[in-house]
Structures are given as structure tokens and as C-alpha cells.
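Me: I am new to this structure. Please take one part and look at it closely, then show me where it sits in the whole.

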Amino acid sequence: SELKSYQGLVFDPPRGGAEVQVADIARSAIPRIAAISCNPVTLARDLEILIKGGYKLTSVTPIDQFLWSHHVEAVALLALP
């Protein structure tokens, strides 16, 4: 109920992801979500929860912000259909 008035949400959890928080978000009616992550494994898990909750994945963009490192940030955009 706390999320009812929002039109969008951005979350950027630590490497462990946001499994508990994403479960709550998946039950909300927020029309647009931006998920940012430095861990593709936990991002995939969190996105799966949101998709099962009715969200549609519209894009995923990798961002190589850590030059000379194998680490990559990813930004995923989701929306309710």
C-alpha cells in the first residue's frame, strides 16, 4: 500500500540482490521499474520474480563503468503491460 502513489521505482541493491524487496515490488502496481545491478546472477533472479509478478522486461543495457575490470553494471527496465 505504501507504493500506490508512485509512477516509477529505481532500485540498485548490493551484489546479493533484492530478493525480499522485489517480492514486495512485484505485488505492487508501480507502472515502471528500473533495476540496476553489478551482479548478473542476482539481477536475473530479481527480474524473474518481477516478471512472474506481471511485469514485462523492456530492455537490459550493460554499462562498462569499471574500465580494466571484468565487472559490468546492468540497467534493466520493466513495465506493467
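Reply: What follows starts with one strand and then widens to the chain. The model is predicted.

Start at strand E1, which covers residues 8–11. Its side chains alternate between two faces. Leu9 and Phe11 point to one face, and both are buried. Gly8 and Val10 point to the other face and are not buried.

Now look at the partner. E1 is joined to strand E2, residues 32–37, by four bridges. The two strands run parallel. Leu9 comes up again here: Ile33 in E2 stands opposite Leu9.

How does the chain get from E1 to E2? The path goes through helix H1, residues 19–26. This makes a β-α-β crossover, and it is right-handed.

Step back to the protein chain. Two helices and four strands make up its secondary structure. Read from the N terminus, the order of the elements is β-α-β-α-β-β. The radius of gyration is 13 Å, close to the 12 Å from the globule rule for 81 residues, so the protein chain is as compact as a globular protein of that length. Along its principal axes, the C-alpha trace spans about 45 × 20 × 20 Å.

Next, the contacts. Take those between residues at least 6 apart in sequence: 60% of them join residues at least 24 apart.

Last, burial and surface. Of the 81 residues, 32% count as buried; Leu9 and Phe11 of E1 are buried too. The protein chain exposes about 5300 Å². Carbon and sulfur atoms supply 61% of that area.

Notes:
Residues numbered from 1 in each chain as written. Predicted model: local features only at pLDDT ≥ 70, side-chain atom pairs only at ≥ 80, totals over all residues. Heavy atoms only, no water. Buried < 20%, exposed > 50% of the residue type's maximum accessible area, 1.4 Å probe, protein only. Pairing = 2+ DSSP bridges. Right-handed = clockwise from strand over helix to strand, strands pointing away. Rg over C-alpha atoms; globule rule 2.2 N^0.38 Å. Contact = heavy atoms within 4.5 Å. Areas by Shrake-Rupley, 256 points an atom, 1.4 Å probe, with all protein chains shown as cover.
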